[in-house]
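Hello,

Here is the structure I promised to pass on to you. Have a look at it first, and then read on for what turned up in it.

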Amino acid sequence: MAKLYFYYSAMNAGKSTTLLQSSYNYRERGMNTLLLAPRFDDRFGDPAIYSRIGLKQEALLFEKGTNIYYQTEEKIDEIGALHCVLIDEAHFLTKSQVAQLVSITKKLHVPVLCYGLRSDFLGEPFEGSQYLLTWADELVEIKTICHCGSKATMNMRIDEEGSPVSKGNQVHIGGNESYLSVCMKHFVEAIDAIEEIAFGKTHSNRS
């Protein structure tokens, strides 16, 4: 039975590299894959998924109104058979799109592999991640480390001087110049968001 997988991690853990390797493994065996990525990530120009180590593969682009189930049906009609759907930056999916992925696995019998973050730079869940964590058949953590050597689970946004950022839009496209992967200890020390939720805004200002 086809399953929905969610491979999650903090920033810079090699999610795109793992995705592209998985697609290569399918294609090496003569199987067809469909790759998808969010439209607004236009850092590299053409519609493709890139990894930090230089790998690249053509991808279809999705946005909030895209019906991925219909996209997948069209691809099957075009090429005859589809063996896997792989989605980069899956945290940017909507609730409806995650439901469409469930339908792809159960109705079209095509496995779906999603790669993304659990939470944003303030520790808040992304919509796509929230429902992937709830509805995926399999959850797999891709691990990376904090500068202290502990496992990194949080994404800390930084400014041009390398200082932590605690305000701004949830979506800010960037790489190593904009984000650090850190453990919860160093995230809490740098960002007040968690302590504000626990104790109220005044607690984080106490000495």
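A residue counts as buried when its relative accessible area is under 20%, as exposed when that area is over 50%, and as partly exposed in between. Please keep in mind as you read that this is a predicted model.

Let's begin with strand E7, residues 112–117. Val112, Cys114 and Gly116 point one way from E7, while Leu113, Tyr115 and Leu117 point the other way, and all of them are buried. Because 6 of the 6 residues of E7 are buried, this strand is largely enclosed by the rest of the structure.

Which strands pair with E7? One of them is E1 (residues 4–9), which runs parallel to E7 and is joined to it by 6 bridges. E6 also pairs with E7 in the parallel sense, here over 3 bridges. Cys114 is a good residue to click on: it is the bridge partner in E7 of Phe6, and it is the bridge partner of Ile87 as well.

Next, follow the chain from E6 to E7. Together with helix H3, these two strands make a right-handed β-α-β unit. H3 (95–107) comes after a loop that starts from strand E6 (84–87), and Glu89 is found in that loop. The UniProt annotation "active site", from an unreviewed entry, covers Glu89. Is Glu89 buried or exposed? Its relative accessible area is 19%, and the limit for buried is under 20%, so Glu89 counts as buried.

H3 also meets another helix, H2 (residues 68–79). Two packed helices are described by the angle between their axes and the distance between the axes. The axes of H2 and H3 come within 8 Å and cross at roughly 40°. That makes H2 oblique to H3. On the H2 side, the residues that meet H3 are Ile68, Tyr69 and Thr72; on the H3 side they are Gln97, Gln100, Leu101, Ser103, Ile104 and Lys107.

Ile68 turns up again around Leu36, a residue of strand E2 (residues 33–38). Among the contacts of Leu36, leaving aside its neighbours within four places in sequence, are Ile68 and Gln71, together with Val85, Leu86, Ile87 and Asp88. Leu36 is also in contact with Ile49, Ala59, Leu60 and Phe62. With Ala59, the C-alpha atoms are separated by 5.1 Å, although the two residues are 23 residues apart along the chain. Leu36 has a relative accessible area of 0%, so it is buried.

Now for a residue further along. Met154 is found in strand E9 (residues 154–157). At 6% relative accessibility, Met154 counts as buried too. What does Met154 touch, not counting residues up to four places away in sequence? The answer is Ala10, Ser119, Gly123, Leu180, Ser181, Val182, Cys183, Met184 and Phe187. Met154 and Met184 are 30 residues apart along the chain, and their C-alpha atoms are separated by 6.3 Å.

One last stop is the loop between E9 and strand E10 (179–182), where Val171 lies. UniProt places the feature "binding site" at Val171, His172, Ile173, Gly174 and Tyr179, again from an unreviewed entry. Val171 has a relative accessible area of 38%, so it is partly exposed.

Enjoy exploring, and send me any questions you have.

Best wishes

Conventions:
Residues are numbered from 1 along each chain as its sequence is written. This is a predicted model: local features need pLDDT of at least 70, side-chain atom pairs count only at pLDDT 80 or more; totals for chains, interfaces and linings use all residues. Side-chain values use heavy atoms; hydrogens and water are left out. Helices (H or I, at least four residues) and strands (E, at least two) are DSSP runs, numbered from the N terminus. Buried means under 20% relative accessible area, exposed over 50%, partly exposed in between (1.4 Å probe, protein chains only). Contact means heavy atoms within 4.5 Å. UniProt positions are given in the numbering used here, feature names are shortened, and annotations may be inferred rather than shown by experiment. Two strands pair if DSSP finds at least two bridges between them. A crossover is right-handed if, with the strands pointing away from the viewer, the path from the first strand over the helix to the second runs clockwise. Axes are lines fitted to C-alpha atoms, for helices over the stretch in contact, and angles run from 0 to 180 degrees between N-to-C directions. Angles under 35 degrees count as roughly parallel, over 145 as roughly antiparallel, 65 to 115 as roughly perpendicular and the rest as oblique.
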